[in-house]
Amino acid sequence: MKTLRILTGLILATATPAMLRAADPQESDYYKITTFDTPKETAFEVSSIELLPEGKLAVGTRRGEIWTVSNADSEPANVKYQLFASGQHEVLGLAFKDGWLYETNRYEVAKLKDTTGDGRADKFETVCDKWGVSGDYHEYAFGSRFDKNGDLWVLLCLTGSFTSQTEFRGWAMRVKPDGSLVPTCSGIRSPGGIGFDADGEVYYTDNQGPWRGPNNLGHLVPGSFQGHPGGNKWYEKAPNMGRRPVDPIPEAFQNGRKRGDHAPHTDPDRIEFERKRIKELVPPAVCLVYGKIGNSSSFIVCDLSGGKFGPFEKQLFVADQSHSNIARVFLEEVNGVKQGGVFPFLKGFKSGLIGGRMNEKGQLFAGGSDRGWGAKGGQPFSFERVDWTGKVPFEVHAMHAKPDGFDVTFTEPVDAKTAGNVASYTARQFTYAYREEYGGPEVDEVFPKITKATVAADGKSVRLTFDKLIQGDIHEVHFDGVRSADGKPVLHPVGYFTLNEIPAK
Amino acid sequence: MFRTILFSAVAPLLIFTTGAFAAEVETITIKTLKAQMRYDTTEFDVKPGQKVKLVFQNDDDMPHNMCFFQPGTDAIALANKQIENPDAALKRDWIPEDKSLWLHSKAVQPKTSDTLIFTAPEKPGVYPFVCTFPGHAAIMNGKMTVGEKGKRGPGLTGLKFQLYLGEWKTLPDFSKLKPHREGDVKDNLVQLKFDDYKNDFGLVFTGKLDAPKDGEYSFLIASDDGGRILIDGKMIADDDGIHPASTVREGRVKLTKGVHDFRLDYFQAAGQAELYAAWRGADFALTPLTKALHPDWKNAAKPKKKNENSGMPLVVAQEPIIYRNFISGGGNRGIGVGYPGNASIAWSAEYFGPVIAWRGAFMDAARHWNGRGGGQQLPLGFDVLRPAGETALPFAVNPTADSPWPEVPKGERAADYSWKGYDLDAKRYPTFHYEWKGSRISERFEVEGDALAGQGKLVRVLKIDGSIPAGAVMRVATGSAITPTGGGFNVTGEKLSLEGHAFDNVFQVAVEGATVSGKNLTVPLRPEIKISYSWPNLHAQHLH
């Protein structure tokens with residue numbers, strides 16, 4: 001009895017702060033991050049993750065190891081590691097097919113197999129090694145999983161992330177089943193990850209730098225130019241790609257203005273204007289707003305778990321190495337061009353995220369390192385898992401562009417009073433210069449008025465009417481005043497929609 | 001008597017003997033790190049005349065020792081020199097015969113220890129110590145500093161920072177500006193990384209410094225861009241303006257014993273951003289106050305800091321180790337393999353052969369596994385050979401003595417060759433596969449004997465399937481002098497230089513049916529070719 005009383009007392013003592021927090025939802029109420037212990041003999045700098053049969057994982061590391069991980073879907077104490085291969089040069093892509101594990105390392109795609117059953121690979125067959133390497137460390141090669149046509153994609157970072165010193169640096173290439181290498185998209189700068197949406201369309205993340213104002217999520221349409229002209233000399237070796245696109249304007253300051261002087265929407269060095277002139281230029285589907293969403297974009301994972309990861313089925317989860325976080329992206333297609341919005345999703349990973357993958361149970365595995373590029377996480381490397389707790393966060397589910405505003409859907413019914421009040425919202429429009437100089441600030445800032453907020457009959461969506469939409473701009477929308485029907489604020493109340501196209505209806 | 005007592009001593013321990021003699025014994029334990037070929041402590045300080053009990057505990061899987069040398073000795077070179085006469089060195093347990101050797105442990109077997117009892121020299125100085133087993137000293141080394149000279153001064157306490165945003169060409173009056181952000185600096189070391197600002201920001205650091213006694217103190221600063229140090233509100237060292245951090249500015253101030261206010265102002269305009277600060281007192285050496293160390297302060301008393309480009313050796317045990325990375329001399333598609341038997345190669349998947357081979361230790365991964373992973377890394381061993389050229393291909397059809405051997409221009413790919421990958425056999429030895437003009441070639445290496453001893457050989461076996469083009473020959477070696485010797489050839493290859501280190505490239509090669517043709521030693525291509533390369537034991541060429 002005495003023991004029981006003490007226990008009750010403890011529960012009461014801890015219950016008070018917990019109840020206080022309950023009024024103020026946090027990410028961890030909805031998504032739980034589990035950190036795995038990793039093999040002591042190595043630095044488990046996760047750089048790629050693939051699913052294997054029987055619920056196992058293959059994990060590639062920056063040190064060039066590939067580990068087979070068992071039971072990562074259960075209690076962390078049950079996790080077992082087996083070193084499958086070592087000595088590879090930065091494994092930035094893993095894909096499993098027909099009993100072979102395909103790795104993308106610095107200079108080749110190779111397929112690996114354990115033929116003796118000892119858990120260690122003994123065959124390392126080269127599938128394709130036809131792209132160039134110069135010995136520059138920044139010439140990373142990111143590999144995809146197999147796409148819907150059975151091809152692998154390889155993203156070739158520019159030499160030093162600035163120029164293209166060897167063949168097809170700055171390109172997205174496809175490796176066909178016969179091992180041939182097909183130049184597919186130009187204009188890549190410094191990729192951080194590649195993935196597919198629910199329809200199998202291919203996307204990649206690219207990082208801020210010359211010709212890249214912010215980090216972005218690019219839609220890899222075969223034949224497209226993704227914006228950085230550094231690698232365009234290789235069009236001469238890519239007859240399938242047609243003629244080399246015209247070059248973008250290096251930098252434009254009209255009327256003798258200096259950088260930073262305010263002249264909204266007149267400078268021609270904007271993606272929005274240049275894509276009219278450069279027909280191959282595909283605008284970034286989503287700008288991953290620099291400093292706010294992240295600083296160093298990395299993996300892309302699509303939730304295909306059929307609801308096991310929460311209410312964001314078929315949306316994309318895009319990680320950031322520097323911020324050690326994951327953002328959430330929803331997409332739509334208007335006039336044949338992909339566009340969409342990004343919201344913060346989950347922070348607090350232990351190191352800089354690089355590799356990630358979701359299993360059929362809706363468990364998201366993520367890991368990385370802060371080596372060479374600092375990360376907020378604070379640990380030199382990490383391997384973690386995200387599980388949905390089963391509780392639905394009150395979030396903006398998606399936004400869809402309309403001729404005069406956005407249709408905003410929420411994950412839960414809204415409180416009609418706050419959601420129907422224009423004072424619950426604020427908005428800001430801005431863009432970035434599209435220019436040769438490294439990165440750049442947010443420019444052309446405009447504060448539009450939200451003139452109407454109409455709650456739909458379903459009680460879960462709101463039609464926002466703007467006094468003006470600006471094609472090409474990022475539309476930053478704050479939802480600070482909106483409450484759910486049961487009084488919760490929006491968990492992540494600000495999002496950024498990249499409006500490449502304004503629909504006619 | 002004294003010795004006996006010391007063996008049971010636990011430090012620090014006062015030992016009383018008759019006559020009221022008291023000596024404080026310092027006990028130091030130095031361990032080896034498993035599979036890293038390193039000591040866990042690389043620097044320690046002792047006072048002149050100090051009684052020391054040093055426990056050397058070998059936790060590694062191979063024997064090691066600890067040899068101390070007189071100040072100024074190049075202990076690494078001395079240890080490495082023993083490879084010139086390995087048989088004699090082996091008999092001495094690799095303890096060098098040299099008058100500069102001051103103290104040494106015995107060869108300590110794995111999982112055992114040796115205890116050295118000694119009185120520190122009266123002569124102040126830095127006494128290097130190394131493990132003198134072959135190939136170990138280059139990374140298995142450290143320093144014992146005798147004297148007050150190497151002593152560190154106090155560090156900062158209560159360090160806080162204020163971060164300002166703005167564009168400046170010289171240091172502004174920060175007191176008139178509003179900080180963008182401020183906070184504590186947890187490790188009390190001045191540093192630049194706050195948030196992600198790269199350009200147009202300023203920092204003010206404030207903290208306390210405790211002067212150990214009355215006297216004159218020096219403050220040093222080097223900054224990119226401007227910086228200055230103020231003590232008790234007075235400017236002592238000034239490095240203002242936009243410039244690189246190459247010049248160290250020094251200012252002196254008399255301080256009374258006790259706590260003083262420290263302040264450092266800094267701003268960054270654009271480009272490189274660096275900041276170094278340190279202080280020095282009458283009884284302590286240059287002591288950094290910044291996280292980063294100025295290149296000129298390498299010899300300063302400093303917190304133990306690992307050298308990021310060495311110290312992660314890949315130690316070959318029973319199985320070969322594969323390391324695909326930027327190996328100096330290994331080309332852009334090099335596959336490093338360290339073999340049991342103390343020889344290693346970098347096999348090139350663009351030139352289709354062992355573009356370099358060496359003996360001794362395999363590779364140090366630290367350069368690639370710390371930081372971003374760039375840079376060419378030298379082999380960790382020595383006597384690097386390039387048996388058959390840097391960018392040359394292995395095969396030619398009907399070459400003449402004068403015709404140039406087929407090469408691949410740098411940055412291009414060999415048109416007739418294709419790389420197929422490798423597999424690992426039961427002993428985890430790789431076999432490389434590639435194709436040439438309809439022939440399928442596989443190539444495997446192993447070491448016969450010990451490459452560090454006289455008779456060791458690196459044996460390369462090629463197996464060729466498919467149709468062999470008529471007149472096809474393989475070049476197994478190239479050099480200005482190829483002379484037959486008992487059962488093989490002595491080759492004087494072209495000298496090679498890797499990262500500024502020169503190698504003579506002199507070796508022996510044996511292969512059946514070889515002929516000398518000009519500068520080339522060739523064999524007709526046939527289904528199986530066995531080649532052995534070996535090192536003459538004349539001398540060793542070290543890398544470090």
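A:Thr126 touches A:Glu108 and A:Ala110 in its own chain, and B:Trp419, B:Lys420 and B:Gly421 across in chain B, leaving out residues up to four places away in sequence. The model is predicted. This briefing starts at A:Thr126, then turns to the A–B contact, the nonpolar cores and strand pairing in chain B.

**A:Thr126**
- A:Thr126 is part of strand E9 of chain A.
- Is A:Thr126 buried, exposed or partly exposed? It counts as partly exposed, because it has 19 C-beta neighbours inside 10 Å, and a buried residue needs 20 or more.
- A:Gly179 is 53 residues away from A:Thr126 in sequence. In space, the two C-alpha atoms are 8.7 Å apart.

**The contact between chains A and B**
- Chain A puts 28 residues into the contact, and chain B puts in 24 residues.
- Which element gives the most to the chain A side? Strand E9, residues 123–128, does so with 4 residues.
- By residue class, the side of chain A that touches chain B holds 14 polar, 8 charged and 6 nonpolar residues.
- E9(A) is also joined by bridges to a strand of the other chain, E29 of chain B, residues 417–424.
- The E9(A) and E29(B) strands run antiparallel, with 3 bridges between them.
- A:Lys123 has B:Asp423 as its bridge partner in E29(B).

**Nonpolar cores**
- The largest nonpolar core has 216 residues.
- Which of its residues touch the most other members? They are A:Val154, A:Leu156 and A:Val318.
- Beyond its neighbours within four places in sequence, A:Leu156 is in contact with A:Trp131, A:Ala141 and A:Ile188. Its contacts also include A:Phe168, A:Arg169, A:Gly170, A:Trp171 and A:Met173.
- Another core, of 35 residues, lies apart from the largest one. Among its members are B:Leu156, B:Phe161, B:Phe267 and B:Ala277.

**Strand pairing around E41 of chain B**
- Strand E41 of chain B covers residues 528–534. Strand E32 of chain B, residues 457–466, is joined to E41(B) by 6 bridges, and the two run antiparallel.
- Which residue of E41(B) is the bridge partner of B:Arg460? It is B:Ile531.
- Strand E38 of chain B, residues 506–511, also pairs with E41(B). The sense is antiparallel, over 4 bridges.
- Opposite B:Ala510 stands B:Ser532 in E41(B).

Terms used:
Residues are numbered from 1 along each chain as its sequence is written. Chains are lettered from A and ligands numbered from 1 in the order in which they are written. This is a predicted model: local features need pLDDT of at least 70, side-chain atom pairs count only at pLDDT 80 or more; totals for chains, interfaces and linings use all residues. Two residues are in contact if their C-beta atoms, placed from the backbone, lie within 7 Å. Ala, Val, Leu, Ile, Met, Phe, Trp, Tyr, Cys and Pro count as nonpolar, Asp, Glu, Lys and Arg as charged, and the others, Gly among them, as polar. Two strands pair if DSSP finds at least two bridges between them. A nonpolar core is a set of buried Ala, Val, Leu, Ile, Met, Phe, Trp, Tyr and Cys residues joined through C-beta atoms within 7 Å. A residue is buried if 20 or more other C-beta atoms lie within 10 Å of its own, exposed if 12 or fewer, and partly exposed in between; C-beta atoms are placed from the backbone.
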